[in-house]
2 protein chains.
Amino acid sequence: MFPPSGRSRVVVEDLQPLVDGGRFPVKRTVGEFVHVCVRMFTDGHDVIAGVIQYRFTASRKPGSNPVWQAVPLTAGDNDLWSGIVPLPQAGPLEFQVVAWVDHFLSWRRDLSKRIDAGQDIRVDLEIGARLIDAAGSRAAEIADQHALARWAGHIRLNQTAEAGREACESNELLTLMTHYADRSLATVSEQKGLVFVDRERAGFSAWYEAFPRSCSSIPGQHGTLRDVIDFLPYVASMGFDVLYLPPIHPVGTTHRKGRNNAPACEPGEVGSPWAIGSTEGGHKSIHPQLGSFDDFAALVKAAHGHRMELALDIAFQCAPDHPYVKQHPDWFRQRPDGTIQYAENPPKKYQDIYPFDFECEDWQGLWTELKSIFEFWAERGVRIFRVDNPHTKAFPFWEWCLAELKASYPDLIFLSEAFTRPAVRYRLAKLGFTQSYTYFAWRNTRAELEEYLTHLSQTPVAEYFRPNFWPNTPDILTEALQTGGRAAFMSRLILAATLCPNYGIYGPAYELCEHLPVKHGSEEYLNSEKYEIRQRDLNASHSIRPLITQINAIRRAHPSLQNLRHLKFHTTDNHQILSYSRRVADQSDRLLIVVNLDPHRTHHCWISVDLNELGIPEDRPYELRDLLTGRSYQWTGSRNFVELRPHEMPAHLFEVMVPQ
Amino acid sequence: MFPPSGRSRVVVEDLQPLVDGGRFPVKRTVGEFVHVCVRMFTDGHDVIAGVIQYRFTASRKPGSNPVWQAVPLTAGDNDLWSGIVPLPQAGPLEFQVVAWVDHFLSWRRDLSKRIDAGQDIRVDLEIGARLIDAAGSRAAEIADQHALARWAGHIRLNQTAEAGREACESNELLTLMTHYADRSLATVSEQKGLVFVDRERAGFSAWYEAFPRSCSSIPGQHGTLRDVIDFLPYVASMGFDVLYLPPIHPVGTTHRKGRNNAPACEPGEVGSPWAIGSTEGGHKSIHPQLGSFDDFAALVKAAHGHRMELALDIAFQCAPDHPYVKQHPDWFRQRPDGTIQYAENPPKKYQDIYPFDFECEDWQGLWTELKSIFEFWAERGVRIFRVDNPHTKAFPFWEWCLAELKASYPDLIFLSEAFTRPAVRYRLAKLGFTQSYTYFAWRNTRAELEEYLTHLSQTPVAEYFRPNFWPNTPDILTEALQTGGRAAFMSRLILAATLCPNYGIYGPAYELCEHLPVKHGSEEYLNSEKYEIRQRDLNASHSIRPLITQINAIRRAHPSLQNLRHLKFHTTDNHQILSYSRRVADQSDRLLIVVNLDPHRTHHCWISVDLNELGIPEDRPYELRDLLTGRSYQWTGSRNFVELRPHEMPAHLFEVMVPQ
């Protein structure tokens, strides 16, 4: 058995970037590009050439494959070739490499050497003329056919070194011969690459999480979606662009939890929004106390008016009263005693929650219904979903569901809330989650932050896993925030917002520096909003709202903070002080950030700035303008002194200005 | 469109070892094993289990797939699982992973916790009994069916914590339930692994290259294959196991090169054996002056009698007089003037050589004929081929040719002589070459050797690229050997033979320390055997034959030198002294080798022995026995002194003896 492409002499291997060998797409956003690398070579000394072919595949229907576009590959060292694929639109894209032995390029290279050596080149000129004839027969344009015929005639008529030299040096001939290169024996890369291009917000966003039921301005009253509309200006004024609401559906009553997660609730208690479903409806209903679908439509519209988007929480689990339980008992695991299996982590029991059984016989019915929940809200204007515990639902479901949804709505954004082991979180990102929660909340020391950020930004993980940094969530009040005081809230915010292009806070708990846990050693909030209504004084003087407003404005003004590239840590001689820079490729935006990680004490240090990274000359002074305080500093050279008083401002956020 | 395996909840990814994602096999030898690693997990908290399935595929015919065998996978950290595949025979093997959610294992784990917590477990016991019932219905053996029925009955009858505890702790039940686990929703890894298992000599061999025509004992006379038979005892006495002969075919006469590569030869000159083919025949003929096929058969037999094998040189190129040129002019590139394109590297011309055109229309005919050359010699008892310049022949040809040949002769060994760029050499190894020449000849300094050996032994390259270290070849007389004197020949031999399980020398030039180049700055030998007959005094007193004999004996006695694993460099404070250890996994064989890389001067140093690597206690003395001199040394701790006089012996080859 001979291989079909036995005469294709170019080897194409090690195509990059690929996720799991091309099984999953790399992620980019509109306006970015993919830098494709590949190893190519052939036997012997012949010259090769190649292109990257790429096409958006979203609109592909049987029989209507979109046409390949192509960009050239350029040779580098060690048989590595590379090229740039532009990404002007959202959606899925595929790419491959096509390469061939180019006999004209070999001929051109060799003819120069022969002429230099003074050899008889008459036969070689005829060989070249025949290559040009052949290209002429492939030429689509008559003008090109004529031009090629002229060149073939010229070197046949003038069998001289001069004519040969002209042919070797002519850009016209090179362009024509490249355009009409003989690709009949071209190699197509066995590996194919995939890219998913998301809209820009997928790569750069500031989230604010708030409980609608706490939004009423009337003390003790259950908030409504209309109250959320009134709350929007507050969130928008801080510069957030995503307002994320915990589940807005009817809350189950059977086994409803009380305040502070009490096993039973008192009459009138509101329960957890994640215990979804009651006789009033399920995942496609709105909690009656929150309002109507008209109210929801008004909220979506009002958010857009504030240049914000609404994100909904999708938690695929049911309270015992959820309509699904009666309609589709086969979607849940049955126990021999006729009851439905509630959630457990033995010996703990969560009797207010029924998980779906992804091994059930009617899995296709279950999948279809779950997907339709996203569609239901997408049709009502939602384009961002925060998905609760995706790692407790079957992975094949997510791959199918996310792909189907993105085919209809390529602008959807999914945030994966999977606080679990790395391989599991990375798999979810590969399967199509746009952004992911991270371990950031528990990375506090300089070493931890440097290691974690290096991992996220400078390993293959960066191709498909987009971190979203949250210093707190309704489930996570870290020890650092419990004990660090207001300075900790300030420094953790600055870290999240300047280390990661996507970040979010759970407010108003965050800006008001709420720090009391339900008990010692717990990360749960005291009087958690998960189980009760909480209303606050948003104008409290200790609120860090002004800092948040400032930081979000700086993020919008500085492109260097809008992706995860070009993050570089700089050495300091005090392990309580973290220093890093952010920049853009052409150095038109450069920030040097210095953070005191100790919220209790003033620290100072000598920083060794990596001048090369920031394009700063060794011997010339440069200016550092602190975007937080407005103060300016003149530095020269690498080694410079910094002191940070955490209670005033735990960080410098320097813009680096290098005089021309 | 739903995926067919939508209910298969286990994710299996990152299967290792794979070469290019499973496109090519990893290489092993008979008696070794493959340590397979894979990442596996499922959603939620269920327990999973899995196996590695593997099968030898050589004998596979349509409709007769060999049966999968299986070994269990064991869980490690970070969702990594691993297992060991044994390799008792030669040939190609494939492997994959199969994994499933194991509801019995989950039940067993959870039941223990429930019992510990004092919960009512009656429903849980019934759930377990049903799992056991189901396994019973899958059980093939009646005895197993009965045993499972007994267990189900036991826990149904005795609905107690004690019965539950017994079921959790029973090895019998665990074994049965593991054996009859429900794999109906198992995941089969998308990635498949390939292994090619070679016979042992592929991984451990000592080669000796000699020109048959120089083997006559009568001065000036053209040697014969019968002379080679007389030469065998000399080679065998040094402990080599492969005798490799340059091409033994008729040598072309047109444009035949003279002594020292002169453009024209004098009458009577023998020409280069690599200018293959004349009116007397081509690649399937024997040079008439060397002898007959009977002589060849006698030589093959005699070599085996000395426990050696013959390796032939296969050079796919033709002298202008080769019969192929007349019979198949279409296999060569035609020039417009009616001549055949000779080999070139413009402006250099090699008019005595015609390369094959792998783009020719009759490529299938060409491939078939080239493959038949290997088959021709394989049928005459040759199982080892050194392939000349494989990188100047089309890569698809090699992939096809080597696979076809190994299907008929799984014991074939191919040594790739591709002195070219790394990616090209690695591709040839992936395509099926068993061993490969390397850059060793030009790696002289400590830093160069450490870097190169670390690359070859401790990166993914080690999975498929088997280096064969040659300090010299007929084409390569390095500057180090030209200028380093006898000590350089000694140290380079010791390095090649103890750093690499496969090595070879071109003799008798090597053992006789021939060091004169044809001209200053050239790596070509003066009066090279490539162009003339050379006869030597094999008993010259400066011959390093005794050292070679000793080294080959040490290699055979010490398993630590027989593969490339467990190579570790130890720090020395003199950059002219290289120190490394070789060991086996269980420390039953440990060598510490110290080489003075400067052939001119005595050097001493302090070595910091990595005691941990060699399993030596910090505080106890250990003995070093020098296998070259017989002298013994007592060392304690890491830091020890060494001095090496290159003219006596440029290296210590210590066996490490640690008292129990």
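# Contacts between chain A and chain B

Reader: Which residue offers the backbone oxygen that the side chain of Arg7(A) reaches?

Author: In this predicted model, the side chain of Arg7(A) reaches that oxygen at 2.7 Å. This is a polar contact (N or O atoms within 3.5 Å; within protein, one able to donate a hydrogen and the other to accept it; residues adjacent in sequence count only if both atoms are side-chain atoms). The backbone oxygen belongs to Glu359(B).

Reader: What pLDDT must side-chain atom pairs have to count?

Author: Residues are numbered from 1 along each chain as its sequence is written, while chains are lettered from A and ligands numbered from 1 in the order in which they are written. Side-chain values use heavy atoms and leave out hydrogens and water; totals for chains, interfaces and linings use all residues, local features need pLDDT of at least 70, and side-chain atom pairs need pLDDT 80 or more.

Reader: Where does Arg7(A) sit, and which residues does it touch?

Author: Arg7(A) lies in the segment before strand 1 of chain A. Helices (H or I, at least four residues) and strands (E, at least two) are DSSP runs numbered from the N terminus. Contact means heavy atoms within 4.5 Å. Not counting residues up to four places away in sequence, Arg7(A) touches Leu185(A), Phe358(B), Glu359(B), Cys360(B), Glu361(B) and Trp363(B).

Reader: Which residue forms a salt bridge with Arg7(A)?

Author: A salt bridge needs a side-chain nitrogen of Lys or Arg within 4 Å of a carboxyl oxygen of Asp or Glu. For Arg7(A), the closest N and O atoms are 3.8 Å apart. The partner is Glu361(B).

Reader: What area is buried between chain A and chain B?

Author: Here, 66 residues of chain A are in contact with 66 of chain B. Buried area is the accessible area (1.4 Å probe) that two parts lose on being put together, summed over both. Carbon and sulfur atoms give 55% of a total of about 5700 Å².

Reader: Which three residues supply the most of the area that chain A buries against chain B?

Author: Their share is 13% of that area. No other three residues supply more than Phe2(A), Arg7(A) and Glu359(A).

Reader: How many nonpolar, polar and charged residues make up the side of chain A that touches chain B?

Author: Across the interface there are 16 salt bridges and 22 residue pairs in polar contact, both residues at pLDDT 80 or more. Elements giving two or more residues to this side include strand 1 (10-16), helix 1 (103-116) and helix 9 (363-378) of chain A. Ala, Val, Leu, Ile, Met, Phe, Trp, Tyr, Cys and Pro count as nonpolar, Asp, Glu, Lys and Arg as charged, and the others, Gly among them, as polar. The side divides into 24 nonpolar, 14 polar and 28 charged.

Reader: Which residue of chain A pairs with Arg421(B), and is it buried or exposed?

Author: Arg421(B) forms a salt bridge with Asp79(A) at 2.8 Å. The pair runs from the loop between strand 19 (413-417) and helix 11 (422-431) of chain B to the loop between strand 6 (74-75) and strand 7 (80-86) of chain A. Arg421(B) is partly exposed at 34% relative accessible area (buried is under 20%, exposed over 50%, partly exposed in between; 1.4 Å probe, protein chains only). At 11%, Asp79(A) is buried.

Reader: How many residues apart in sequence are the parts tied together by Asp43(B) and Arg9(B)?

Author: Asp43(B) and Arg9(B) form a salt bridge with closest N and O atoms 3.0 Å apart. Asp43(B) lies in the loop between strand 3 (33-42) and strand 4 (48-56) of chain B, and Arg9(B) in the segment before strand 1 (10-16), so the pair ties together parts separated by 34 residues.

Reader: Is the ring pair of Phe2(A) and Trp367(B) stacked, edge-to-face or tilted?

Author: Over all chains, the count is 103 aromatic pairs. Rings of Phe, Tyr and Trp (its six-membered ring) pair if their centres lie within 6.5 Å; planes under 30 degrees apart are stacked, over 60 edge-to-face, the rest tilted. With centres 6.1 Å apart and planes at 55 degrees, Phe2(A) and Trp367(B) are tilted.

Reader: What relative accessibility does Trp367(B) have?

Author: Phe2(A) is partly exposed, with a relative accessible area of 27%. Trp367(B) counts as buried, its relative accessibility being 0%.
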